[in-house]
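Please read the following report alongside the sequence and the coordinates. It moves from strand pairing to backbone geometry, and then to an enclosed space in the interior.

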Amino acid sequence: MKDNHELDDLFSFEKNEKNLITKAKQKSTIRMVFISGLVSLLVLTLIILVKLQVTPWLLNKELIAQETYYEVHGANSFIGPWEESIQIIGSKATAPQYKLLDGRPVYLGEISNNSDKIEVHLTPNEYETYSYLGGKVMNFIHPEVKLNHVPNELKNIDMFQDHQLIEMGLSFDKAYSLDEVKAMLPKDIALQWAWVDVYSVEEVNSLQTSEPPANIFTENEVFGFSLVDKTGIRLKDPVKEFMDSVVYGKNHMGPYKRDMATFYETLTEQGEVDETNIKVIGSVVVGKKVALKQLQNESGVRASSIGAVVDSFK
């Protein structure tokens, strides 16, 4: 009987046809799944390769825009080489930030490509500011802002040693040209950085109606140009390099494009900017105690604020 059933199954065309169709469907499904998986893998690989090629280019554009902004923003501060970390998701870059005191670097911390412009400081009183790394932060006061008490830390200069180099932030009583500022300073004091007046009438009026410390700028909030490059070598034409950075920033896409465009409009209201007409309302100078004491009787210096201090080996 068993043999008869097997023979019947063998010559049953309906059953054989169903089995063939089922097997064909299974093979087709497996083939489709395999092809779909292979195509997905190839597409994913292509996307990763394209992203790894495009991301460094995009990141580089972002870093140029950010570095350009830092070239004109912040008193006597510089950005070191960027260290890039290219990843499929979350690429980033970091760089050291530092000051220069007569060619001596003073480490300020690390910034990243997505660092916020807002700085957090410790303020024990309305006229004194420190960073969380323990460094003294210089403060600046606009010449048109009236204060009941104008901080003058030049009077505390005797507490330092004769061999120490001292960074001092100066706020002037009015706007001066760069040549006038140079003439104001003794020869043995190094002019490191100049604070430029880029504030509109509305901004100045807002400062005048505010109370300290809201109307006092920290060294990270002021806008100006350095007179030395990243290694401490004197620049031949610092105002031109400053304006080149502003123009580049306003003409290229980036997070600071609008800020740079606003600065440019304010700076060029009276025409082309050069060393003879740029409005300098403050500066950063570096020198030893004996040299800086000469500024105590300088009528153009309205306020002074001590910054970094290092030992001098000269």
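## Strand pairing, backbone and a cavity

Strand β6, which covers residues 128-130, is joined to β7 by 2 bridges, and the two strands run antiparallel. One of the residues involved is Thr129, whose bridge partner in β7 is Val137. The model described here is a predicted one. The pairing of β6 with β7 belongs to an open sheet of 3 strands, ordered β5-β6-β7 and paired in the antiparallel sense. Its edge strands are β5 (122-125) and β7 (136-137), each of which pairs on one side only.

A further antiparallel pairing is found between strand β3 (residues 92-101) and strand β4 (residues 104-112), which are linked over 8 bridges. Within this pair, Thr94 has Ser112 of β4 as its bridge partner. The two strands form a hairpin with 2 residues between them, and the turn contains Asp102.

For the chain as a whole, the secondary structure amounts to 7 helices and 14 strands. The chain has 314 residues, of which 41% count as buried. Among contacts with a separation of 6 or more, 73% are made by residues 24 or more positions apart. The accessible surface of the chain is about 18400 Å², and carbon and sulfur atoms account for 56% of this area.

Some points of the backbone deserve a separate look. Which residues have a positive phi although they are not glycines? The table sets out two such residues with their loops and their accessibility.

| Residue | Phi | Loop | Relative accessibility |
|---|---|---|---|
| Asn76 | about 55 degrees | between α2 and β1 (78-79) | 1%, buried |
| Asp102 | about 55 degrees | between β3 and β4 | 37%, partly exposed |

Asn76, in the loop between α2 and β1, counts as buried because its relative accessibility is 1%, and buried means under 20%. Asp102, in the turn of the β3 and β4 hairpin, is partly exposed because its relative accessible area is 37%, a value to be read against the limits of 20% and 50%. A separate backbone feature is the peptide bond from Pro212 to Pro213, which is cis, with omega near 5 degrees. Pro213 is located in the loop that runs between α4 (201-208) and β11 (217-218).

The last topic is enclosed space. How many cavities of 30 Å³ or more does a search of the whole structure find? The search finds 3, and the second largest of them has a volume of about 60 Å³.

Which elements each supply at least two residues of the lining of this second largest cavity? They are α2 (13-72), α5 (238-251) and α6 (257-267), and the largest share, 3 residues, comes from α2. The residues that line the second largest cavity include Ala65, Thr68 and Tyr69, together with Tyr248, Gly249, His252 and Met253. Also in the lining of the second largest cavity are Gly254, Pro255, Tyr256, Lys257 and Met260. Sorted by class, this lining has 7 nonpolar, 4 polar and 1 charged residues.

Technical notes
Residues numbered from 1 in each chain as written. Predicted model: local features only at pLDDT ≥ 70, side-chain atom pairs only at ≥ 80, totals over all residues. Heavy atoms only, no water. 1 Å grid on protein atoms, 1.4 Å probe; cavity = no way out; pocket = protein on both sides within 12 Å on 5 of 7 lines; lining within 4 Å. Points joined across faces, edges and corners; volume = space filled by probe spheres on them. Helix = DSSP H or I, 4+ residues; strand = E, 2+ residues; numbered from the N terminus. Nonpolar A, V, L, I, M, F, W, Y, C, P; charged D, E, K, R; others polar. Pairing = 2+ DSSP bridges. Buried < 20%, exposed > 50% of the residue type's maximum accessible area, 1.4 Å probe, protein only. Contact = heavy atoms within 4.5 Å. Areas by Shrake-Rupley, 256 points an atom, 1.4 Å probe, with all protein chains shown as cover.
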